[in-house]
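Me: I'm new to this one and would like a close look at a single part. Let's get it on screen before I ask.

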Amino acid sequence: MQATHYLSQEDIGPHQLADLQIFSDMSAEHLRQFLSICKIFTYQCTEKIITQGVLKPWVFILLRGKIRVLVNEVEITVLHQRSDVFGETPLISRSPPTATVEALTEVSCLAIDVVLLSEIHTKGNELFNASFYRYTTRLLVGRLARMSEELALVKSVFNASVAIGKTISNPL
């Protein structure tokens, strides 16, 4: 893993950050504050970004590349969209992550320092807080909806399999 220094507004161009949705509602001052707690992390293929059970104080926004999310070594999903957020557990609780995240290609991420983020929140930045958490909540709600759809599909396939098994074991 390679990491840059903490960012400034001058880093938006070289790191191609201008189109990130998270910045759309931020004032120039909030953007300056936000970038001051962010770094760019780069990972090589197969490198672990997050390890299940190991707490790190970073939340990530995918800039480039493809990652996979594993729970107990079972692949749950693959993320490859610019602006995908992952590793958000430290935002919500102080519990360790419930998944491992691994690079499938070379990956670049905007990494947000959660410890420093909590300091920004204590400086009376209500508009920044609302904007940041509204963005994060929208992403999590979307992820929850997709996971609910997948769970419903798995349950329907499971129930159909159980019904077929009963029919086979109890023929007329």
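Which residue in strand 2 stands opposite Ala3?

Reply: That's Phe41. Before going on, keep in mind that this is a predicted model, where local features need pLDDT of at least 70 and side-chain atom pairs count only at pLDDT 80 or more, while totals for chains, interfaces and linings use all residues. Residues are numbered from 1 along each chain as its sequence is written, and side-chain values use heavy atoms, leaving out hydrogens and water.

Now back to Phe41, whose strand 2 covers residues 38–43 and runs antiparallel to strand 1, joined to it over 2 bridges. Strands here are DSSP runs of E with at least two residues, helices are H or I runs of at least four, and both are numbered from the N terminus. Two strands pair if DSSP finds at least two bridges between them.

Step back and you'll find 5 strands in an open sheet, in the order 1-2-9-4-7, with antiparallel pairing. Strand 1 (2–3) and strand 7 (85–86) are the edges, so each pairs on one side only. In general, strands of a sheet pair through backbone hydrogen bonds, either parallel or antiparallel.

For something outside the strands, try Leu31, which sits in helix 1 (residues 28–35). Leu31 is buried (under 20% relative accessible area with a 1.4 Å probe, protein chains only), at a value of 13%. Leaving aside residues up to four places away in sequence, Leu31 touches Gln9, Ile12, Phe23 and Met26, where contact means heavy atoms within 4.5 Å. Ala111 lies 80 residues from Leu31 along the chain, and their C-alpha atoms are 14 Å apart.

Note on methods:
Buried means under 20% relative accessible area, exposed over 50%, partly exposed in between (1.4 Å probe, protein chains only).
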